[in-house]
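Here are some notes to read with the model open beside you. They are in the order I went through things, so feel free to jump around.

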Amino acid sequence: MSLAQPTRVRFAPSPTGYLHVGSARTALFNWLYARSVGGTMVLRIEDTDESRNRPELTQAIFEYLEWLGIHYDEGPYYQSERRDRHRDAVQRLLDDGRAYLCDADDNELAGTEMADGRAVRFRTPEGTTVIDDVVRREVAVDHAQLGDFVIWRSDGSPTFVLANAVDDADMAITHAIRGEDLLSSTPRAVLVAEALGATPPIYAHLPLLVNEQRKKLSKRRDDVSLESYRRRGFLASAMANYLALLGWGPRDGVEIRPMAEIIGQFRLEDVNRAPAFFDIAKLEHFNGVYIRELDTEQLLVAIEPHLTGNEVPWPPERYRPDVVAAVVPLVQEKLRTLDGIVPQVDWLLCPEVPMDESSWDKAVVRGKASVEILDGTIAALVDCPWDPETVKDAVFAVGEAHGVNRSKSQAPVRVAVTGRSVGPPLFEPMVHHLTREEVLRRLRNARSRL
RNA sequence: GCCCCGUUCGUCUAGAGGCCUAGGACGCCAGAUUCUCAAUCUGGUAACACGGGUUCGAAUCCCGUACGGGGUGCCA
């Protein structure tokens with residue numbers, strides 16, 4: 001490779017209407033590599049397939065690259081707008097005898113004139129192509145395996161391999177970093193580039209992301225769209241950090257760290273070759289760490305969409321930002337996803353207790369002295385001062401009178417008032433955001449169910 | 001079927017011939033803490049797929065086997 005050649009990488013997604021986590025990982029690695037060597041990242045939309053050539057299908061790609069903080073330097077270029085370049089390249093190959101026309105039955109046709117109804121096949125020479133892949137080292141493929149492949153369709157459109165090779169050459173791409181599923185088509189791209197007199201890029205094939213069955217993540221079976229992760233309450237920072245660790249790891253072992261540091265540590269040649277399982281449990285851990293690092297203001301902003309969407313269990317008019325703001329500091333440290341806030345505050349916003357039956361059964365039905373605790377608590381709360389400390393002491397005192405410790409004493413009260421055996425610290429929000437009457441009503445309702 | 005690629009704890013990884021009685025992280029288990037659940041802290045569990053070489057010495061190099069994955073379209 002010549003010394004002065006500036007590094008140029010490209011992320012070349014096909015518009016599908018969403019950004020796939022695997023694609024996002026590919027984009028991220030391209031970006032990390034470009035940033036780590038001071039190169040340029042190009043975005044190229046591969047929409048040669050007519051059905052994909054629709055603006056709305058590319059929107060999600062822009063939106064989620066932005067969300068992840070992957071800022072490309074050049075583009076977007078649209079492959080569909082480069083049809084003439086592709087046609088010229090094919091014509092040249094035809095003229096040079098490196099390709100030939102064929103009919104619908106794959107019979108070779110004489111002549112070199114491209115026309116509707118005629119496809120063009122690349123005349124694959126005998127020999128072997130050796131790819132010097134940054135990740136996989138040398139990969140040799142015998143041309144006999146390739147056959148004479150189509151580079152121009154009879155409907156007048158270029159195929160993926162042709163468009164890819166031409167565009168990479170035109171855009172002076174030096175490194176093609178992409179998924180391993182494209183490894184087997186690489187010799188074809190190299191052959192086309194060379195036949196066109198271009199130097200193919202250096203390839204780096206990344207290991208695929210797989211599900212628990214060790215299969216390539218698929219749209220059908222798996223949650224693959226970044227949008228769904230965002231909707232489930234994952235932070236972009238956590239997602240990007242986690243994605244960087246799939247197929248690669250920093251030598252110093254520090255996993256959770258700012259992207260700037262990851263850029264500093266990243267080495268393309270250190271990328272692994274084995275497929276990586278996309279582990280949501282680990283992603284959730286990362287997400288929890290990043291959530292804890294936010295200040296309250298930032299967290300409130302991040303959480304807002306999850307409280308105002310239409311999947312929320314309370315009537316929209318009952319949403320109370322002030323109540324949420326008061327509870328958030330109490331629960332921030334245990335949130336693992338942003339939407340985890342909902343079950344922490346729903347009992348303060350819903351008109352009726354969102355009762356979880358298994359909590360009811362565990363803490364109330366099978367709880368120690370539940371009847372006595374509920375009765376005693378009701379009696380105590382009727383006219384005691386309405387502040388958290390007093391109420392808390394009252395509940396514990398009732399429990400103690402029946403030989404029940406604090407943990408077990410608060411359980412039936414918690415379930416009666418919140419509907420769950422788990423939740424935020426109970427007394428402060430309960431006293432501040434529910435009225436005495438409402439709390440008593442809930443306690444009496446619970447008591448009457450027993 | 002054929003071609004290509006891969007194989008370190010359950011999972012993600014560190015490891016580029018001696019620093020490895022294989023390190024970290026998630027998970028899991030236990031303890032501490034606690035009004036619940038978490039979070040946090042402490043401790044623990046757990047891996048070089050197998051078989052041959054090469055070498056004084058191999059997780060690291062070579063070969064084979066097994067298993068897994070990807071590809072095999074006028075999809076990308």
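1. Which strand order does the open sheet of four strands have? Reading across, the order is β5-β4-β6-β9, and the pairing is antiparallel. The edges are β5 (108-109) and β9 (150-152), each of which pairs on one side only. At the β5 end, β4 (residues 99-102) is joined to β5 by two bridges, with the strands running antiparallel. If you want a landmark there, look for Leu 101, which stands opposite Leu 109 in β5.

2. A word on confidence, since this is a predicted model. Chain A has a mean pLDDT of 92, with 98% of its residues at 70 or more. For the complex, the predictor gives an ipTM of 0.95 and a pTM of 0.94.

3. Now the RNA. There are 64 residues around RNA strand B, and those that come nearest are Arg 136, Arg 153, Arg 214, Gly 247 and Glu 255. By class, this surface has 23 nonpolar, 15 polar and 26 charged residues. On the RNA side, 76% of the strand B atoms within 4 Å of the protein belong to sugar or phosphate, and the rest belong to bases.

4. Three side chains are worth clicking on here. Arg 214 puts a polar side-chain atom 2.3 Å from a phosphate oxygen of RNA strand B. Arg 292 has a side-chain N or O atom 3.0 Å from a phosphate oxygen of the strand. With Ser 184, a side-chain N or O atom is 2.8 Å from a sugar or linking oxygen of RNA strand B. As for secondary structure, the elements that give two or more residues to the surface near the strand are β6 (119-122), β8 (137-142), β13 (276-277), α9 (280-293) and α16 (406-418).

5. The β7/β8 pair is a hairpin with three residues between the strands. The two run antiparallel over six bridges, and one place to see this is Thr 129, whose bridge partner in β8 is Val 141. Strand β7 (residues 128-133) has two faces: Thr 129, Ile 131 and Asp 133 are on the covered one, while Thr 128, Val 130 and Asp 132 are on the uncovered one.

6. Is Thr 186 buried or exposed? Thr 186 counts as buried because its relative accessibility is 0%, below the 20% cut-off. The residue is found in helix α5 (residues 186-195). Its side chain makes a polar contact with the side chain of His 205, at 3.1 Å. Setting aside neighbours within four places in sequence, Thr 186 is in contact with Ile 131, Arg 178, Tyr 203 and His 205. Ile 131 takes us back to the covered face of β7.

7. Helix α4 (residues 160-170) is mostly covered, with eight of its 11 residues buried. The buried ones are Val 161, Leu 162, Ala 163, Asn 164, Ala 165, Val 166, Asp 167 and Asp 168. What covers them includes β1 (8-11), β2 (40-45), α3 (83-95), β9, β10 (175-179) and α5. Note that β9 is also one of the edge strands of the open sheet. Just after α4, Ala 172 takes a positive phi of about 55 degrees.

8. Helix α12 (residues 342-349) is mostly covered too: seven of its eight residues are buried. These are Val 342, Gln 344, Val 345, Asp 346, Trp 347, Leu 348 and Leu 349. They pack against α10 (296-308), α11 (321-331), α16, α17 (427-433) and α18 (436-449). Helix α16 is also among the elements giving residues to the surface near RNA strand B.

9. Last, some backbone geometry to check by eye. Most residues other than glycine have a negative phi, and most peptide bonds are trans. Arg 137, in strand β8, has a positive phi of about 65 degrees and is exposed, with a relative accessible area of 54%. Ala 369 also has a positive phi, near 55 degrees, and its place is in the loop between α13 (357-365) and α14 (370-381). The peptide bond from Gly 75 to Pro 76 is cis, with omega near 5 degrees; Pro 76 lies in strand β3 (residues 74-78).

Conventions: Residues are numbered from 1 along each chain as its sequence is written. Chains are lettered from A and ligands numbered from 1 in the order in which they are written. This is a predicted model: local features need pLDDT of at least 70, side-chain atom pairs count only at pLDDT 80 or more; totals for chains, interfaces and linings use all residues. Side-chain values use heavy atoms; hydrogens and water are left out. A residue is near a molecule or strand if one of its heavy atoms lies within 4 Å of it. A polar contact is a pair of N or O atoms within 3.5 Å; within protein, one must be able to donate a hydrogen and the other to accept it, and residues adjacent in sequence count only if both atoms are side-chain atoms. Ala, Val, Leu, Ile, Met, Phe, Trp, Tyr, Cys and Pro count as nonpolar, Asp, Glu, Lys and Arg as charged, and the others, Gly among them, as polar. Buried means under 20% relative accessible area, exposed over 50%, partly exposed in between (1.4 Å probe, protein chains only). Contact means heavy atoms within 4.5 Å. pLDDT is the predictor's confidence in each residue, from 0 to 100. Two strands pair if DSSP finds at least two bridges between them.
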